[in-house]
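Let's take a friendly walk through a protein model, starting with a pair of helices and ending with two loops. Have the structure open as you read.

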Amino acid sequence: MPTAKIPSDPVQKALPLYRLVKRDLQQMIEAGHYGIGKALPNEATLSTAMKVSIGTLRHAVDELVHEHVLVRRQGKGTFVAPHNNARFMFQFFQVEPRPDPEEGHPIRELEYPDIACISFTRDKAQPTEARALRIRPGDQVFRIENKLSLNKQVVVHDQLTLPLAKFRNLSEHQFVNRSSTVYALYQSDFGITVLRAQERARAVAAGRSVARVLGMPVGCPVIEVHRLALTFADKPVEYRISTIDTRAHDYVSVLSKK
């Protein structure tokens, strides 16, 4: 187990020690030193091995817990956080039925969407996708279409673009028959953990193909969300365009201070 390495870069040198410890823990997790869902050594063991105080180690772990890289389990320890349905609903799925104003705002009942794959193909990256994914235009990508339903009503059309270099040997059967979420598949089969996402939302008119999937008239107003999924060191791993039918559903964002 490595100690917290003091970098030669002056900018990195200026970082607090707990940030260097956090960086090194991230690198160990990314390298598979601690497997998905596996426990880290206890604080005393880890702090001794990394040659830092328990307080410094705890500060680093606190940030990784806040960022959903690690998860604490009362009485059991600290574990590498797996992607699962609960995490997907909490962190990455923001579509909810619109509350009835006459019923007030009831507590949200989590409803995991029913996801169906429409198409799975290999293609060449378009310039916009290439810029987002930091690959070259024309590089090979997987292009995947999904439709997401809530209460048997299709409410989201997803277009996913994945760089083939990061997901080599991904098959349609593997994708369609995954046992959990898409991000869980990335993590379990390719060692890629999606930590966060950058999103840009805009109002657009539904085109013909999207309108057909969502069961709405062409030109109907929808929300289009462009998401870039990021792993460690903010490396992009997935570019996604989600088109949301907002006739009876909202895109909900919960804001909080860190």
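**Two helices that cross**

The axes of helix α2 (residues 17-30) and helix α4 come within 8 Å and cross at roughly 60 degrees; axes are lines fitted to C-alpha atoms over the stretch in contact, with angles from 0 to 180 degrees between N-to-C directions. That makes α2 oblique to α4, since angles under 35 degrees count as roughly parallel, over 145 as roughly antiparallel, 65 to 115 as roughly perpendicular and the rest as oblique. Helices here are DSSP runs (H or I, at least four residues), strands are E runs of at least two, and both are numbered from the N terminus.

Among the residues making this contact (heavy atoms within 4.5 Å) are Leu 17 and Tyr 18 of α2 and Leu 57 and Val 61 of α4.

This is a predicted model: local features need pLDDT of at least 70, and side-chain atom pairs count only at pLDDT 80 or more, while totals for chains, interfaces and linings use all residues. Residues are numbered from 1 along each chain as its sequence is written, and side-chain values use heavy atoms, leaving out hydrogens and water.

**Two loop residues**

Now find Glu 67, in the loop between α4 (54-66) and β1 (70-73). Is Glu 67 buried or exposed? Glu 67 is partly exposed, at 23% relative accessible area; buried means under 20%, exposed over 50% and partly exposed in between, with a 1.4 Å probe and protein chains only.

Thr 193 sits in the loop between α8 (182-190) and β7 (196-205). Thr 193 counts as buried because its relative accessibility is 11%. Not counting residues up to four places away in sequence, Thr 193 touches His 83, Gln 187, Leu 230, Thr 231 and Phe 232.
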